Amino acid sequence: MILSIDLSSAVPIYQQIRDQVVAAIAVGELVEGSALPSTRQLAGDLGINFHTVNKAYDLLRQEGLLRLNRKSGAVVQRDPHSGPPPPGFADEWSARLRTLLAEAAAQGMDAAAVLTMCGRVVGSFGARLGEPSDGELGVLHRGLGEPA
């Protein structure tokens, strides 16, 4: 896994690291049991403070994606094949999704454009998320204010 950090981005560095690790897990580049570099090693490689990497790793640990151990370091704990998500995940994720969809609506994107973009993003993960059935797409359309 190769991380690239944009020091001029408005997105905090720890969030960039977290997001890239999540994406690597989603596409299968990192699988359950994969070891990540130590916080000091990654910080040195990226030229950033190790506390920044530690914050990213701790966030991933809180989300249940990493296991942190003094001996083994940071290890991927979940991947797309780990089974159903833990209790409460769907509700928390739904709240974050609602915010993203609200941003799209506030910026004037229509439901068709949002659905098209969602389809592209889901497709970028390959078969990890599977294909929704026609009924699921109808619910998604109705949920965005369009008839199915």
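Me: Hi! What volume does the second largest pocket have?
Reply: Hello! The second largest pocket comes out at about 160 Å³. Keep in mind that this is a predicted model.

Me: Which residues line the second largest pocket?
Reply: Among them are Leu36, Pro37, Ser38, Thr39 and Arg40, along with Asn54 and Tyr57. Leu68, Asn69, Ser72, Gly73 and Ala74 are also part of the lining.

Me: And which elements give two or more residues to that lining?
Reply: Two helices and two strands do: helix H2 (39–46), helix H3 (50–62), strand E1 (66–69) and strand E2 (73–76).

Me: How does the lining divide into nonpolar, polar and charged?
Reply: Five residues of this lining are nonpolar, six are polar and one is charged.

Me: Let's pick Thr39. Where is its place?
Reply: Thr39 sits in helix H2, and it also helps to line the second largest pocket.

Me: Is Thr39 buried or exposed?
Reply: Thr39 is buried, because its relative accessible area is 19% and the cut-off for buried is under 20%.

Me: Which residues is Thr39 in contact with, leaving aside neighbours within four places in sequence?
Reply: Thr39 then has contacts with Phe50, Val53, Asn54 and Tyr57. Asn54 and Tyr57 appear in the pocket lining too.

Me: New topic! What pattern does the whole protein follow?
Reply: Along the sequence, the pattern is α-α-α-β-β-α-α-α, with six helices and two strands in total.

Me: How much of the protein is buried?
Reply: Of the 148 residues, 22% are buried.

Me: And what does the accessible surface come to?
Reply: About 9,900 Å², and carbon and sulfur atoms account for 56% of that surface.

Conventions: Residues are numbered from 1 along each chain as its sequence is written. This is a predicted model: local features need pLDDT of at least 70, side-chain atom pairs count only at pLDDT 80 or more; totals for chains, interfaces and linings use all residues. Side-chain values use heavy atoms; hydrogens and water are left out. On a 1 Å grid over the protein atoms alone, a cavity is a set of points where a 1.4 Å probe fits but cannot get out, and a pocket is an open set with protein on both sides within 12 Å along at least five of seven lines; lining residues have an atom within 4 Å of a point. Grid points are joined across faces, edges and corners, and a volume is the space filled by probe spheres set on the points. Helices (H or I, at least four residues) and strands (E, at least two) are DSSP runs, numbered from the N terminus. Ala, Val, Leu, Ile, Met, Phe, Trp, Tyr, Cys and Pro count as nonpolar, Asp, Glu, Lys and Arg as charged, and the others, Gly among them, as polar. Buried means under 20% relative accessible area, exposed over 50%, partly exposed in between (1.4 Å probe, protein chains only). Accessible areas come from the Shrake-Rupley method with a 1.4 Å probe; for residues, only the protein chains shown count as cover. Contact means heavy atoms within 4.5 Å.
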